[in-house]
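Q: Got a minute to go through this one with me? I'd like to talk pockets, then strands and helices.

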Amino acid sequence: MSATAAMVPPAAAAAAARTLLCVPATARAPREMAAEAAAAAALGADVAELRLDRLSGFAPRRDLPVLLAQPRPLPALVTYRPKWEGGEYEGDDEPRFEALLLAMEMGAEYVDIELKVADKFMKLISGKKPETCKLIVSSHNFENTPSAEELGNLVAQIQATGADIVKIATTATEIVDVAKMFQTLVHCQEKQVPIIGLVMNDRGFISRVICPKFGGYLTFASLEKGKESALAQPTITDLINVYNIKQIGPDTKVFGIIGKPVGHSKSPILHNEAFRSVSLNAVYVPFLVDDLANFLSTYSSPDFAGFSCTIPHKEAAVRCCDEVDPIAKDIGAVNTIIRKPNGKLVGYNTDYVGAISAIEDGIRATQPTDTAASPLAGRLFVVIGAGGAGKALAYGAKEKGARVVIANRTFARAQELGNLLGAPALTLTELENYHPEEGMILANTTAIGMHPNVNETPLSKQALKSYAVVFDAVYTPKETRLLREAAECGATVVSGLEMFIRQAMGQFEHFTGMPVDDCKFRALANSVVNPDANGVGMTAQKARL
């Protein structure tokens, strides 16, 4: 079975138990660790992992009664991880084994032991393991993700030790590695083998969120940011409130944002809450993608139903789609990909409408205009950037009658887009002294000024004095240095958040086939992107779209 064929679990999987949410408790003192377990229970976790190797001066007979005292807020998974497997314990195995056995005898529901020493440990606990305790035998690969065949062999090797639950954690060198783990989860589910299968680091993030779709026994989430026990571990709050993980199952459709980087994006917060508001069985995740064509061919199941596309993949998306909407083809950039029931990929562009309408409304709200015509008509419109978003704005501005100029760090890229549109091209250095007339419009479509590089700006404050209107596609932060300095120069400023909201409306309609109520979607977007703006968090917004 290929990795792509394995994307959709068998129908029988619908009856599988829900994937458990486990929060590692990583405090340095036993009472604080017990308090973390209680906090995890309050947040909705199912299991607390007690990381004994994190405790300072751990003494089993003194500290385990504190950690495993009844009544416990959650079932306990006891782990005493050695340094050679990514933990902090540096001593001999025998004292570690004795501590794990004591934890079993004191009622721990789960104990984790590493595959490398599993046979040795099994001899020690022979006949002593309580029926109520499940033994997890784990393997961690911190370099890569082996082939699906090798993962299958590893499962068999772990099973042969007498494990109750198989645990395999690998490392993603690219996001397609996760497909091999999903395939392994599906095979184990078919054979009724309980398995925890996760892929570490940012490229493996989706394995932690959508493993319930493929039958994963358990996934890990940190208590809060800063308390992760592994790279790219989401918080329990995000898994439950953003990704709605307790509702993810075999029939859940998967959507997401494809980009590099994607960690800054608010799209998962917005689209997941929008899906929830219309009771759609779907989840929207960030896909950190290096090679778009490879990603799309690997995740080719119909259940991977649609994607938002951002920097740097919007132009490559045109080539990767089987069909491209005529406007997106003219622009030369796709920001929305839909997988049709027949498997064909269709590309659209909702950026140009989102950005241009936001700029037009910004001008109409602050400057006198002829309502019959676009306020862009006849205006000099300078676009910074020649990538996908730059193409969309340049195309949209020209369609509205603006006189477009393209500026880019790399002149050849600016010239290439300028030639397509019949527009002059400049370097950013030349743009500093470009002042042919008053009342110009500036649109930044690059990532300059995006978090965390919030002190960067594509154009000096002195140069901004030539512009009457300034738009920035960057929306994290909402007020970029470019917008702040433009406002100080007296320009009308338009936030990238407006473009984000409007293009997301178009994407939602493509994803769901449902019409969008503009006012309700905007209220929803503002509540999730700026959760404190109206004193309400994202989950407080109950508008139906």
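Q: How much space lies in the second largest pocket?
A: About 560 Å³, in what is a predicted model.

Q: Which residues are closest to its centre?
A: Ile 311, Thr 445, Thr 446, Ala 447 and Ile 448, out of 32 residues that line the second largest pocket.

Q: And which helices or strands supply at least two residues of that lining?
A: Those would be α11 (314-320), α14 (388-399) and β16 (403-408). The biggest giver is α14, with three residues.

Q: How does the lining divide into nonpolar, polar and charged?
A: For the second largest pocket you get 14 polar residues, 12 nonpolar and six charged.

Q: OK, switching to the open sheet. What's the strand order?
A: The order runs β10-β9-β11-β13-β14-β12, so to speak a six-stranded open sheet with mixed pairing.

Q: Which ones are the edge strands?
A: β10 (282-288) and β12 (323-324), each of which pairs on one side only.

Q: How do β13 and β14 pair, parallel or antiparallel?
A: Antiparallel, over four bridges, with β13 covering residues 336-339 and β14 covering 345-348. Ile 337 stands opposite Gly 347 of β14 there.

Q: What packs on the sheet?
A: Helix α9 (residues 267-277) does, touching β9 (253-259), β10 and β11 (304-309). Helix α19 (residues 496-512) packs on the sheet too, and touches β9, β10, β11, β13 and β14.

Q: What angles do their directions make with the strands?
A: For α9 it's about 165 degrees with the direction of β10. For α19 it's about 5 degrees with that of β13.

Key. Residues are numbered from 1 along each chain as its sequence is written. This is a predicted model: local features need pLDDT of at least 70, side-chain atom pairs count only at pLDDT 80 or more; totals for chains, interfaces and linings use all residues. Side-chain values use heavy atoms; hydrogens and water are left out. On a 1 Å grid over the protein atoms alone, a cavity is a set of points where a 1.4 Å probe fits but cannot get out, and a pocket is an open set with protein on both sides within 12 Å along at least five of seven lines; lining residues have an atom within 4 Å of a point. Grid points are joined across faces, edges and corners, and a volume is the space filled by probe spheres set on the points. Ala, Val, Leu, Ile, Met, Phe, Trp, Tyr, Cys and Pro count as nonpolar, Asp, Glu, Lys and Arg as charged, and the others, Gly among them, as polar. Two strands pair if DSSP finds at least two bridges between them. Contact means heavy atoms within 4.5 Å. Axes are lines fitted to C-alpha atoms, for helices over the stretch in contact, and angles run from 0 to 180 degrees between N-to-C directions.
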